[in-house]
Amino acid sequence: MNIVLNTSPIIFLSKIQCFDHLIQCADQISVPQQVVDELGDEYLPDFIQVKPLSVASSAYVKGALGRLHEGELAAMALAQELSADFVILDDLLARKKAQYLGLKVMGTVGLLLLMKKQQRLSSEQVWQYLTELTQAHGMYLSPALMVTIKQKLFMS
């Protein structure tokens with residue numbers, strides 16, 4: 001599987017120290033330079049490849065700036081260029097834009113659920129990580145979504 005990451009999933013996975021599981025989920029994990037720039041001093045693991053955008057995609061990103069961040073737009077553009085299986089975005093508006101562009105979208109929660117599906121994490125570990133992300137690291141998930149996720153984890 002080939003995925004392109006945006007900034008927030010990298011930060012969230014770093015906070016819960018989940019990179020070891022991420023590397024086992026995908027064959028190729030890439031980010032555009034704009035995501036690296038947004039990360040600043042945040043750690044980027046060596047297995048995540050920094051890929052340049054084409055001139056046309058770079059122009060698109062610059063021209064499309066507005067309600068979406070440069071990293072989000074660049075991640076979408078790179079996902080298109082690489083024919084990625086998924087672009088990993090957490091922001092709802094960015095996810096809608098990516099879907100409009102015909103990209104398959106997943107967020108940090110989806111990655112954790114994928115890790116469970118691939119038996120890299122247990123239901124208890126996923127729930128622990130989600131609890132930590134929402135209570136200590138600023139991830140917002142609605143109470144209704146948390147109930148749905150908990151049911152999916154423990155009743156399936």
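In this predicted model, helix α1 (residues 7-15) packs against helix α7 (residues 108-117) at an angle of about 55 degrees, and the two axes lie 9 Å apart. That angle makes α1 oblique to α7. On the α1 side, the contact is formed by Pro 9, Phe 12 and Leu 13, which meet Thr 108, Leu 111, Leu 112 and Met 115 of α7. By character, the residues of this contact divide into six nonpolar and one polar, with no charged residue taking part. Several of the α7 residues named here also appear among the buried residues of that helix, which are Thr 108, Val 109, Leu 111, Leu 112, Leu 114 and Met 115.

The helix contact leads naturally to the nonpolar interior. In soluble globular proteins, nonpolar side chains tend to be buried together. Here the largest nonpolar core has 34 residues, and those with the most contacts inside it are Leu 5, Leu 13, Leu 22, Leu 111, Leu 112 and Met 115. Two or more residues are given to this core by each of β1 (2-5), α1, α2 (19-25), β2 (28-32), α3 (33-39), α7, α8 (123-136) and α9 (143-154). Leu 22 offers a good view of how such elements come together: setting aside neighbours within four places in sequence, Leu 22 is in contact with Ile 3, Leu 5, Leu 13, Ile 29, Phe 47, Leu 111 and Met 115. A second core, separate from the one just described, has 18 residues, including Leu 68, Leu 89, Ala 94 and Ala 98.

Aromatic rings add another kind of link. Two aromatic pairs are found in the structure. In one of them, the ring centres of Phe 19 and Phe 47 are 6.3 Å apart and the ring planes stand at 75 degrees, so this pair is edge-to-face. Because Phe 19 belongs to helix α2 while Phe 47 sits in the loop between α3 and β3 (49-51), the pair ties together parts that are 28 residues apart in sequence. The two partners can also be told apart by their accessibility. Phe 19 has a relative accessible area of 9% and is buried, whereas Phe 47, at 23%, counts as partly exposed. Ring pairs also bring in Tyr 43, so to speak as a third member, linking Phe 19, Tyr 43 and Phe 47 into a cluster.Strands β1 and β2 supply a few residues worth following individually. Ser 30 is placed in strand β2 and counts as buried, with a relative accessibility of 0%. Beyond residues up to four places away in sequence, Ser 30 touches Ile 3, Val 4, Leu 5, Ile 48, Gln 49, Lys 51, Leu 78 and Leu 82. One of these partners, Val 4, lies in strand β1 and is likewise buried, at a relative accessible area of 0%. The contacts of Val 4, leaving aside neighbours within four places in sequence, are Ser 30, Pro 32, Ala 75, Leu 78, Ala 79, Leu 82, Ala 84, Phe 86, Val 87 and Ile 88. Between the C-alpha atoms of Val 4 and Leu 73 there are 12 Å, with 69 residues separating the two along the chain.

Asn 2 is also found in strand β1. At 12% relative accessibility, Asn 2 counts as buried. Its contacts, not counting residues up to four places away in sequence, are with Gln 28, Leu 82, Ser 83, Ala 84, Asp 85 and Phe 86. The C-alpha atom of Asn 2 is separated by 18 Å from that of Leu 73, a residue 71 places away along the chain.

The backbone holds two further points of interest in the loops. Most residues other than glycine have a negative phi. Gln 17, in the loop between α1 and α2, has a positive phi near 50 degrees. This residue is exposed, with a relative accessible area of 68%. Gln 119 is not a glycine either, yet has a positive phi of about 60 degrees. Gln 119 comes just after α7, in the loop between α7 and α8, and at 73% relative accessibility counts as exposed.

Conventions. Residues numbered from 1 in each chain as written. Predicted model: local features only at pLDDT ≥ 70, side-chain atom pairs only at ≥ 80, totals over all residues. Heavy atoms only, no water. Axes fitted to C-alpha atoms, helices over the stretch in contact; angles between N-to-C directions. Helix = DSSP H or I, 4+ residues; strand = E, 2+ residues; numbered from the N terminus. Parallel < 35°, antiparallel > 145°, perpendicular 65-115°, else oblique. Contact = heavy atoms within 4.5 Å. Nonpolar A, V, L, I, M, F, W, Y, C, P; charged D, E, K, R; others polar. Buried < 20%, exposed > 50% of the residue type's maximum accessible area, 1.4 Å probe, protein only. Core = buried A, V, L, I, M, F, W, Y, C linked by side-chain atoms within 4.5 Å. Phe/Tyr/Trp six-rings, centres within 6.5 Å; stacked < 30°, edge-to-face > 60°.
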